[in-house]
Amino acid sequence: MNNNIFIVDTTLRDGEQSPDIAFSLKKKIAIAKIMDNNKIYQIEAGIPAMGEIEKRCIYKIMEQKKNSLISVWNRLNKQDLIDSIDCNPDIIHISIPVSDIQIYSKLKKDRKWVVNKVRECVNFVKDKDYEVTVGFEDASRADINFIIHMAKILKDLGVNRIRYADTVGVLIPSTTRTAITNILENVPIDIEMHAHNDFGMALANSIEAAKSGARFIDCTMNGIGERAGNCNLQEFIRVSSRLFNINDGALKNSI
């Protein structure tokens, strides 16, 4: 079991997708400051492609941060990446579809298209000297062999971390353990776990992912997020503090 765990807080991105939650620019900056003061490893600050107000917020977060790395979220297209480069973040995150349900039914594309677009987008950002992480959207319903194939391609492209996203919240701890272990047995790459709480398993799945070798865990304040929410930041720190060494600053002492 790897004891060194890094938290990626996505309150300002996935958390804001909660029903009836919309943060003002001032509120977003305040939340980011709390996270930064508590030395949360990484703050996913938003989606630059949403427009100038979102970009302005990310600029402000970048200006005030002292401890945390700031990342931004992108779809698999070049214009999103151009918008993100405008914000000059520490990390550019690209989300890619990996389940056949999303690739064939939702996007009307095929796996070859995904591979080609990934190469194009990752190379575009890497050529500008940004750190890139790549999210495997709907990974929990995807063919594990295709996930491993994509992870190997990304490793060859210089990407050191992938996000395993349980986008529809269908995992349980045993299936989480199987998936994370399988990837790590085949590809020397860091894994970031992104759990959703549709069946109340986000916390349990995140802890199991960390026990199985995932070094990065996505969380949100109070577990807010799309539909039933994400892994609760405070609960994850409280429950797992005896299992892992977490880069969480003073937050651990305030919950």
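## Helix 1 and two pockets

In helix 1, the buried residues are Lys28, Ile29, Ile31, Ala32, Met35 and Asp36. They all sit on the same side of helix 1, because they cover an arc of only 160° around its axis. Keep in mind that this is a predicted model. Below, we start with that helix, move on to the two biggest pockets, and finish with a couple of buried residues elsewhere.

**Helix 1**

- Helix 1 runs over residues 25–37, which makes 13 residues.
- From first C-alpha to last, helix 1 reaches 18 Å, close to the 18 Å expected at 1.5 Å a residue.
- The one-sided pattern fits a general rule: an α-helix has 3.6 residues a turn, so residues three or four places apart point the same way.
- What lies over the buried residues of helix 1? The cover includes two strands, strand 1 (4–9) and strand 2 (42–44), along with helix 2 (52–64) and helix 9 (233–240).
- Ala30 belongs to helix 1 too, but Ala30 counts as partly exposed because its relative accessibility is 37%, and buried would take under 20%.
- If you want a long-range distance from here, Ala30 and Asn123 are 34 Å apart, C-alpha to C-alpha, with their positions 93 residues apart in sequence.
- After helix 1 comes Lys39, and its phi is positive, near 60°.

**Largest pocket**

- The largest pocket holds about 290 Å³ of space.
- Its lining takes in 17 residues, and the ones nearest the centre are Arg13, Trp73, Glu137, Thr167 and Glu226.
- Three strands give two or more residues each to that lining: strand 4 (91–97), strand 5 (131–137) and strand 6 (161–165).
- Which element gives the most to the lining of the largest pocket? That's strand 5, with three residues.
- Sorted by class, the lining of the largest pocket has seven polar, six charged and four nonpolar residues.

**Second largest pocket**

- The second largest pocket comes in at about 210 Å³.
- Its lining residues include Trp73, Asn74, Arg75 and Leu76, then Ser95, Ile96 and Pro97.
- Gln102, Lys106, Leu107, Trp113 and Glu137 also line the second largest pocket.
- Trp73 and Glu137 turn up in the lining of the largest pocket as well as in that of the second largest.
- Strand 3 (69–74), strand 4 and helix 4 (100–106) each put at least two residues into the lining of the second largest pocket.
- Strand 4 has the largest share there, at three residues.
- By class, the lining of the second largest pocket splits into six nonpolar, three polar and three charged residues.

**Two buried residues elsewhere**

- Ile217 is part of strand 8 (residues 216–219), and Ile217 is buried, because its relative accessible area is 0%.
- Which residues does Ile217 contact, leaving aside neighbours within four places in sequence? They are Ile5, Phe6, Ile7, Val8, Met193, Ser206, Ala210 and Phe236.
- The C-alpha atoms of Ile217 and His194 are 6.6 Å apart, although the two residues are 23 residues apart along the chain.
- Glu208 sits in helix 8 (residues 202–211).
- Why does Glu208 count as buried? Its relative accessible area is 12%, and buried means under 20%.
- Not counting residues up to four places away in sequence, Glu208 touches Pro173 and Arg177.

Methods: Residues are numbered from 1 along each chain as its sequence is written. This is a predicted model: local features need pLDDT of at least 70, side-chain atom pairs count only at pLDDT 80 or more; totals for chains, interfaces and linings use all residues. Side-chain values use heavy atoms; hydrogens and water are left out. On a 1 Å grid over the protein atoms alone, a cavity is a set of points where a 1.4 Å probe fits but cannot get out, and a pocket is an open set with protein on both sides within 12 Å along at least five of seven lines; lining residues have an atom within 4 Å of a point. Grid points are joined across faces, edges and corners, and a volume is the space filled by probe spheres set on the points. Helices (H or I, at least four residues) and strands (E, at least two) are DSSP runs, numbered from the N terminus. Ala, Val, Leu, Ile, Met, Phe, Trp, Tyr, Cys and Pro count as nonpolar, Asp, Glu, Lys and Arg as charged, and the others, Gly among them, as polar. The expected span of a helix is 1.5 Å times one less than its number of residues. Buried means under 20% relative accessible area, exposed over 50%, partly exposed in between (1.4 Å probe, protein chains only). The arc is that of the directions from the helix axis to the C-beta atoms. Contact means heavy atoms within 4.5 Å.
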